[in-house]
Amino acid sequence: MSVLDVTTLACVRSGRLLFENLSFTVPRGGALIVTGPNGAGKSSLLRLLAGLLEPAAGTIHRPDRLAYLGHDSALKPDRTLAGELAFWAALDGADTATRNSAASAMALDGLLDLPVRLLSAGQKRRAALARTLAAGATLWLLDEPTVGLDAAACERLATAIAGHRERGGAVVAATHVDLGLAHAATLPLGVGHG
Ligand SMILES: Nc1ncnc2c1ncn2[C@@H]1O[C@H](COP(=O)(O)OP(=O)(O)OP(=O)(O)O)[C@@H](O)[C@H]1O
C-alpha cells in the first residue's frame, strides 16, 4: 500500500518549467531521496507534495497527516525552546510524552529552558526536527534536513527516520548529502540553472 502516489506531475515556477511527467510512489516504510543540482526543483517538489504549491499538471495522493520540514525553522526568538515545542505539540495534537521523547531523540533536553534566540543554527534545526518527530504524521517531507547538523545529530536523524519507517511511516527527503538510509529509492531531478 502506498503512502504517497504521484502521477505525471509538472512544476512551473516564475514561468519556467522545472520538471514534468514525474510519476512515483512511496510505500509504507519507504524512503525517497530527491537529488539534483541547485535550482533543479527539489524544494519546489517537496512544497508540491506538502500542498504548499499548486502543480501545473498531474495528481498527488498524500496522507492526511504529513509533516513538512522546510528551510525555515519558524521559531519565535523570545519563547523558550520548551514553550515552542509545547506550542507546536498543541498545534499538531502531540501528547506530552511524545513531545518529550522527540526532544530527547534530538538531544534537546539540556536546552529546553533557553530562549530560542540563544540557540545555534544546528540546535534550531534539531528543534524543528523534534517537531517533525512528534507530529504523528505518516509522511515526513524533509527539505535539506541535515543543514547545520553535526555528525552526532545526523546519526540521531537517521535513527529517527529508521524508527519512523519501521512503524510504517514514509519519508521523502531532498538532500545534497548521503543520509545513510537503508533501502532508499532515489529521484534525481534535472540539470540546474545555477
Ligand atoms: N518563491 C519562488 N518564486 C518563484 N520562483 C521560485 C521560487 N523559489 C524558487 N523558484 C524557482 O524555482 C527554481 C527551483 O528552485 P528550488 O528551490 O525548487 O530548487 P532546489 O533544487 O531545491 O535548489 P537548491 O539545491 O539550491 O536548494 C529556482 O531556480 C527558481 O528559479
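How many bridges join strand 1 (residues 2-13) to strand 2? The count is 8, and the two strands run antiparallel. The model is predicted. The protein chain has 5 helices and 8 strands. The domain assignment splits the protein chain into domain 1 (1-63 + 140-193) and domain 2 (73-137). A ligand is surrounded by 12 residues.

**Overall fold**

- Along the sequence, the elements of the protein chain follow the pattern β-β-β-α-β-β-α-α-α-β-α-β-β.
- The radius of gyration of the protein chain is 17 Å. A compact globule with 194 residues would have a value near 16 Å, so the protein chain agrees with that expectation.
- Along the principal axes, the C-alpha atoms of the protein chain fill a box of roughly 50 × 35 × 30 Å.

**Antiparallel sheet**

- This open sheet is formed by 3 strands in the order 2-1-4, with antiparallel pairing.
- Strand 2 (16-27) and strand 4 (57-61) stand at the edges. Each has a single partner strand, so one side of each is left without a neighbour in the sheet.
- On average, neighbouring strands of this sheet are turned by 15° against each other, direction ignored.
- Between strand 1 and strand 2 there are 8 bridges. L4 has its bridge partner in strand 2, namely V26.
- Helix 1 lies across strand 1, strand 2 and strand 4. Its direction is at about 125° to strand 1.

**Parallel sheet**

- An open sheet of 5 strands is ordered 5-6-7-3-8, and its pairing is parallel.
- Strand 5 (66-69) and strand 8 (185-188) are the edge strands. Each of them pairs on one side only.
- Neighbouring strands here are turned by 15° against each other on average, again with direction ignored.
- Strand 3 (residues 31-35) and strand 7 (residues 170-174) run parallel and are joined by 4 bridges.
- I33 has A173 of strand 7 as its bridge partner.

**Ligand shell**

- Which residues are the closest to the ligand? They are N38, G39, K42, S43 and S44, out of 12 that surround the ligand.
- Helix 1 (residues 42-50) gives the most to this shell, with 3 residues. Helix 1 is also the helix that lies across strand 1, strand 2 and strand 4.
- By class, the shell around the ligand holds 8 polar, 2 nonpolar and 2 charged residues.

**Domain 1 against domain 2**

- The centres of domain 1 and domain 2, taken over C-alpha atoms, are separated by 23 Å.
- How many residues of each domain are in contact with the other? Domain 1 contributes 10 residues and domain 2 contributes 11.
- On the side of domain 1 that touches domain 2, the largest share comes from helix 5 (residues 151-166), with 4 residues.
- The residues on that side of domain 1 divide into 7 nonpolar, 1 polar and 2 charged.

Terms used: Residues numbered from 1 in each chain as written. Predicted model: local features only at pLDDT ≥ 70, side-chain atom pairs only at ≥ 80, totals over all residues. Domains from an automatic or database assignment. Contact = placed C-beta atoms within 7 Å. Nonpolar A, V, L, I, M, F, W, Y, C, P; charged D, E, K, R; others polar. Near = placed C-beta within 6 Å. Pairing = 2+ DSSP bridges. Axes fitted to C-alpha atoms, helices over the stretch in contact; angles between N-to-C directions. Rg over C-alpha atoms; globule rule 2.2 N^0.38 Å.
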